[in-house]
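Colleague: Got the model up yet? I'd like to go through a few spots with you.
Modeller: Sure, here it is.
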Amino acid sequence: MKIALHHIAYQIGYHPNEMAKLVHDGEITGDVPENNPQSKDAWVDLHSLRNFIQWRRDQGRIDTMFYDKAIRHIDKHLRR
């Protein structure tokens, strides 16, 4: 399921530019046309993003509060 990058980035605590770099580096599935994360055509895959957040938590790179907030927002959009 796709969602606009600029919409979900702020909700889960990432800056859109940071998330665009993760997409560009292949960490998260998505597309950022012309490297513009604010573009209405820039998107990320919610399942890929959820897996990435879980992977970061498993590595100890994010704390529990960040993880809980991110997963809550991602799951909210997945249920739609």
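Modeller: Let's begin with Gly 26, which takes a positive phi of about 85° just after helix 2. Helices here are DSSP runs of H or I, at least four residues, and strands are E runs of at least two, numbered from the N terminus.
Colleague: OK, and what am I looking at, numbering-wise and model-wise?
Modeller: It's a predicted model, where local features need pLDDT of at least 70, side-chain atom pairs count only at pLDDT 80 or more, and totals for chains, interfaces and linings use all residues. Residues are numbered from 1 along each chain as its sequence is written, and side-chain values use heavy atoms, leaving out hydrogens and water.
Colleague: Which residues of helix 2 are buried?
Modeller: In helix 2 (residues 16–24), they're Pro 16, Met 19, Ala 20, Leu 22 and Val 23. Buried means under 20% relative accessible area, exposed over 50%, and partly exposed in between, with a 1.4 Å probe and protein chains only.
Colleague: Why are they on the same side of helix 2?
Modeller: Because they cover an arc of only 155° around the axis, taken from the directions from the helix axis to the C-beta atoms.
Colleague: And what's exposed on the other side of helix 2?
Modeller: Lys 21 and His 24.
Colleague: New topic: where is Glu 34 found?
Modeller: In the loop between strand 2 (30–31) and strand 3 (43–45). Glu 34 has a positive phi of about 55° although it isn't a glycine.
Colleague: Is Glu 34 buried or exposed?
Modeller: Exposed, with a relative accessible area of 79%.
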